[in-house]
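Colleague: I have a new model open and would like to practise reading it with you. Could we go through it feature by feature?

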Amino acid sequence: MNNVQIVSAWPHTGKTTLAKVYPFTYYFGDRNNKPTMYIDIDSGEFKAYLSREMDSRTSNVAWVKKYVEMVEHLYRMYSKSDIDIVLLISSHSAVQKALLEDGFSLVIAMPIWNSQHTYIQKLFQRASENETESNIAAHDAMAKNFRAFYRETLNTAKEYEEQVRLIKMPDGWYLADYI
């Protein structure tokens with residue numbers, strides 16, 4: 001029997017790297033040598049695609065709804081596969097809450113509180129080296145709202161504690177450190 005897991009991780013925690021570097025990983029022991037496939041569902045790219053395909057004025061509500069529908073579709077589709085799947089998704093609160101309200105369980109990965117300065121510096125460095133709209137937006141949002149996002153993530157984890165496994169990643173740790 002396969003397992004599909006949804007991991008909602010903050011920007012620059014290694015979602016894309018995990019999917020590119022470790023597309024298939026074999027676990028030994030308790031996982032019975034079963035392969036796990038990591039799939040990055042980049043919300044920035046999805047939102048940009050949706051804006052091009054629909055209307056450039058696509059509202060925040062519309063893209064979240066379509067993104068959640070896609071994640072749920074992939075979850076159902078991959079639940080019929082022969083391998084374990086990890087869907088790496090957006091950390092937007094609206095996305096998390098929509099999935100949780102629809103009955104899905106999430107792993108939420110975020111940096112620990114005292115790594116705020118280092119985390120924002122890493123986002124700045126990534127945005128400087130690769131000036132994509134999503135990298136710049138991630139840095140700007142976190143630089144202005146880290147504390148609010150942090151509290152909101154903790155509140156979501158507490159409100160849906162039966163459905164959420166919260167991972168607070170120490171400074172310098174990424175998702176690949178947990179596989």
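**Reading the model together**

Modeller: Gladly. Let's begin with one residue: E69 is partly exposed, because its relative accessible area is 36%. Keep in mind that this is a predicted model.

Colleague: Good to know. Which residue forms a salt bridge with E69?

Modeller: The general idea is to look for a side-chain nitrogen of Lys or Arg within 4 Å of a carboxyl oxygen of Asp or Glu. Here K65 is the partner of E69, and their closest N and O atoms are 3.6 Å apart. Both residues sit in helix α3, 4 residues apart, or about one turn of the helix. K65 counts as exposed because its relative accessibility is 54%.

Colleague: How many salt bridges does a search of the whole structure find?

Modeller: The search turns up 1 salt bridge.

Colleague: Then let me ask about E72. Is E72 buried or exposed, and which side chain of opposite charge is nearest?

Modeller: E72 is buried, and it belongs to helix α3, residues 60-78. The nearest side chain of opposite charge is R76, at 4.2 Å. The cut-off is 4 Å, and E72 has no salt bridge. To see what surrounds a residue, set aside its neighbours within four places in sequence; for E72 that leaves contacts with A98, L99, D102 and F104.

Colleague: Now the strands. How should I read β5: are its faces covered or open?

Modeller: Look at each side of the strand in turn. On one side of β5 are L106, I108 and M110, on the other V107, A109 and P111, and all of these are buried. Counted along the strand, residues 106-111, 6 of its 6 residues are buried.

Colleague: Which strands pair with β5?

Modeller: Strand β1, residues 4-9, runs parallel to β5 and is joined to it by 3 bridges. As an example to find on screen, S8 has I108 as its bridge partner in β5. Strand β6, residues 164-169, also pairs with β5 in the parallel sense, over 6 bridges. There, L106 of β5 has V164 as its bridge partner in β6.

Colleague: What comes after β5, and what does I112 touch?

Modeller: I112 is in the loop between β5 and α5 (116-129). I112 is called partly exposed because its relative accessible area is 23%, while buried means under 20%. Not counting residues up to four places away in sequence, I112 touches Y150, K168, M169, P170 and D171. You can also compare sequence with space: I112 and I167 are 55 residues apart in sequence, and their C-alpha atoms are 8.8 Å apart.

Colleague: Backbone angles next. Which phi does H12 have?

Modeller: H12 has a positive phi of about 60°, although it is not a glycine. You will find H12 in the loop between β1 and α1. With a relative accessible area of 22%, H12 is partly exposed.

Colleague: And the surface: which residues make a nonpolar patch?

Modeller: For a patch, look for nonpolar side chains within 5 Å of one another on residues with over 30% relative accessible area. In this model V21, Y22 and I179 make a nonpolar surface patch of about 250 Å². Y22 lies in the loop between α1 (15-21) and β2 (24-26). Y22 is partly exposed, as its relative accessible area is 34%.

Colleague: Thank you, I'll go back over those spots on screen.

Technical notes:
Residues are numbered from 1 along each chain as its sequence is written. This is a predicted model: local features need pLDDT of at least 70, side-chain atom pairs count only at pLDDT 80 or more; totals for chains, interfaces and linings use all residues. Side-chain values use heavy atoms; hydrogens and water are left out. Patches are made of residues with over 30% relative accessible area and no salt bridge: like charges are joined within 9 Å, nonpolar side chains (Val, Leu, Ile, Met, Phe, Trp, Tyr) within 5 Å. Accessible areas come from the Shrake-Rupley method with a 1.4 Å probe; for residues, only the protein chains shown count as cover. Helices (H or I, at least four residues) and strands (E, at least two) are DSSP runs, numbered from the N terminus. Buried means under 20% relative accessible area, exposed over 50%, partly exposed in between (1.4 Å probe, protein chains only). Two strands pair if DSSP finds at least two bridges between them. Lys and Arg count as positive and Asp and Glu as negative; His and the chain ends are not counted. Contact means heavy atoms within 4.5 Å.
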